[in-house]
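This report describes a protein together with its ligand. It treats the ligand site, the nonpolar cores and several individual residues in turn.

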Amino acid sequence: MNVAIIGTGYVGLVTGAVLSEIGHNVICLDINEEKITKLKKGESPIYEPGLDEVLERNIAGNRLSFTTSAEEAFENAEVIFIAVGTPQGEDGAANLTYIQQAAKDIAMHINRNLIVVVKSTVPVGTNDLIEETIRTNAIGSFQVDVVSNPEFLREGHAINDTFLGDRIVIGSENEHAGSTVESLFTKLNIPFLHTNRRSAEMIKYASNAFLAIKISYINQIYNLCEKVGADVNDVADGMGMDHRIGRAFLNAGLGYGGSCFPKDTEALAYLGRENEISISLVDAAIQANKEQRILFVNRVLEHFNGNVEGKKIAVLGLAFKPNTDDMREAPSLDIIRILSADGAEVHVIDPVVKETKLLAEVAVTHSKTLEECVQSAEAVLLVTEWEEFVRADWEELLALTKNATIFDGRNVLHNHKLISQVV
Ligand code: UGA
């Protein structure tokens, strides 16, 4: 099938790459010329394991192309995906400017019956709005069906998650449109759930918020474990063995960051307020997540009796989680800003993020090697659990420090037999 995709962020790019990999003709549209120029050469603008190979193969096979021209993108499209961003507004509500623009662009170019698939995470009722916007702005009278198809991939695992997903949710108000979208994905061999559009939109928010609640819950249990002498990893293992609970998303530590959980929990909380329905569990998860970072920094400050002035502190990890270069809502940002404002000499290292505009105002030194980063440090903070950090020779690293204490923000070093200085 001929598919056009609006937006080449994580979701759009991975969807385009995977649809081309399973045989569809895909053209991706973005307003960012620099990005499109890079993509045309097969260079991915994001760090995502496995993506480069899929891009390369399908560009070479003429199944995947990129453009900044809406006219070119929509010319032969039978199905158009909307995968633009829905950033968080001041009040927590999702900002739908890009979505509305995409709907208008489609309307201006439509000259035949069309199916529009919405991949972006959008508040309940937005798919209705998109259909209305296209219909009222269309230059001819054609049948437009908007179908909700929320995305469940994780950054850092995007390709795998798309090929091996747990479910594909299709929310439509028209059976034919729903089954056409299903036919796009049948090769993936993933179970389908068909529902109406509003339920599909809600499934995405409810799933993300549930996982965020799970993380905040284990983090609060973790804080209590520390006080009463219990081991949170064993507690999580024991809880996770109950198949009704499951072990996934019970890793305690610095809490969640990234472009999804923080934004989607806020958007769901906003939806609750707007509809005067209490979803206090989500509010509590948001609050607990904010506190978790502060608790971590406070542990470091307490260790130095409240004074980190002139102390060298090594921060391992900048990205919000391993296997991504995404810094949005990363715990590292809050931690570094606070410690640096308190006068600490902060040195950082990340295997992928080598610099970031987000810390432009902050005095931090980017180290080239792990050894350089921890050399003479008085504290080492493990902030992102990159494999190379977890597997590092910690005995050797510790020997380079000034008898540093290690603050394990991800609870991954506790079983490390050689380390006696982990808190
Ligand atoms: C999340 C969801 O997992 C995806 O299903 C969804 O498609 C995506 O949001 C989205 O809405 O686009 P993502 O944000 O890429 O994916 O990353 P996750 O691997 O889910 O991690 C989210 C955050 O939770 C990270 O900060 C991670 O460090 C934290 N986390 C995760 C924990 O603190 N503990 C855990 O046990 C698991």
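## Strand β7 and the residue at its start

At 8% relative accessibility, I168 counts as buried, because buried means under 20% relative accessible area. The model in which this residue is described is a predicted one. I168 is found in strand β7, which comprises residues 168-171. Leaving aside residues up to four places away in sequence, I168 touches N149, F185, L188, I190, P191, F192 and L193. One of these partners, I190, is 22 residues apart from I168 along the chain, and the C-alpha atoms of the two are separated by 6.6 Å.

## The ligand site

The ligand is surrounded by 20 residues, and the closest are F152, L153, E155, K204 and N208. By class, this shell has nine nonpolar, four polar and seven charged residues. Two helices, α9 (197-228) and α11 (261-274), each supply at least two residues of the shell. Of the elements, α9 gives the most, with three residues.

Polar approaches to oxygen atoms of the ligand come from both backbone and side chain, as the table sets out.

| Residue | Protein atom | Distance to a ligand oxygen atom |
|---|---|---|
| E151 | polar backbone atom | 3.3 Å |
| E155 | polar backbone atom | 2.7 Å |
| N208 | polar side-chain atom | 2.8 Å |

Taken alone, the ligand exposes 710 Å², and the protein buries 91% of that area.

## Nonpolar cores

In soluble globular proteins, nonpolar side chains tend to be buried together. Here the largest nonpolar core holds 48 residues, and I313, L316, I336, L339 and L381 touch the most other members. At least two residues of this core come from each of the helices α12 (280-303), α13 (331-341), α14 (370-374) and α16 (394-400), and likewise from each of the strands β9 (312-316), β10 (345-349), β12 (379-382) and β13 (405-408). A second, separate core has 36 residues, including L19, V26, L39 and V117.

L339 shows how one of the members of the largest core is packed. With residues up to four places away in sequence not counted, L339 touches V297, V300, L301, V308, I313, A344, V346 and L381.

The helix α13 also has several buried residues: P331, S332, L333, I335, I336, L339 and S340. Which elements cover them? The cover includes α12, β9, β10, β11 (364-366) and β12. Just after α13, G343 takes a positive phi of about 95°.

## A buried threonine in a loop

T384 is found in the loop between β12 and α15 (387-390). Is this loop residue buried or exposed? At 0% relative accessibility, T384 counts as buried. The side chain of T384 reaches the backbone oxygen of A319 at 2.8 Å. A319 is also one of the residues that T384 touches, together with L316, G317, L318, K321, P322, F389 and R410, when residues up to four places away in sequence are not counted.

## Positive phi outside glycine

Most residues other than glycine have a negative phi, and most peptide bonds are trans. Two residues other than glycine with a positive phi are described here. S376, in the loop between α14 and β12, has a phi near 65°. With a relative accessible area of 37%, S376 is partly exposed. N411 has a phi near 55° and is found in the segment after β13. N411 is buried, with a relative accessible area of 7%.

## An exposed loop position

N305 lies in the loop between α12 and β9. At 72% relative accessibility, N305 counts as exposed, because exposed means over 50% relative accessible area. N305 and V14 are 291 residues apart along the chain, and their C-alpha atoms are separated by 48 Å.

## Summary of the picture

In this predicted model, the ligand has 91% of its 710 Å² buried by the protein, and α9 is the element that gives the most to the shell around the ligand. The largest nonpolar core draws on elements that include α13 and β9. The buried loop residue T384 touches L316, and L316 is among the members of the largest core that touch the most other members.

Definitions and conventions. Residues are numbered from 1 along each chain as its sequence is written. This is a predicted model: local features need pLDDT of at least 70, side-chain atom pairs count only at pLDDT 80 or more; totals for chains, interfaces and linings use all residues. Side-chain values use heavy atoms; hydrogens and water are left out. A residue is near a molecule or strand if one of its heavy atoms lies within 4 Å of it. A polar contact is a pair of N or O atoms within 3.5 Å; within protein, one must be able to donate a hydrogen and the other to accept it, and residues adjacent in sequence count only if both atoms are side-chain atoms. Accessible areas come from the Shrake-Rupley method with a 1.4 Å probe; for residues, only the protein chains shown count as cover. Helices (H or I, at least four residues) and strands (E, at least two) are DSSP runs, numbered from the N terminus. Ala, Val, Leu, Ile, Met, Phe, Trp, Tyr, Cys and Pro count as nonpolar, Asp, Glu, Lys and Arg as charged, and the others, Gly among them, as polar. A nonpolar core is a set of buried Ala, Val, Leu, Ile, Met, Phe, Trp, Tyr and Cys residues joined through side-chain atoms within 4.5 Å. Buried means under 20% relative accessible area, exposed over 50%, partly exposed in between (1.4 Å probe, protein chains only). Contact means heavy atoms within 4.5 Å.
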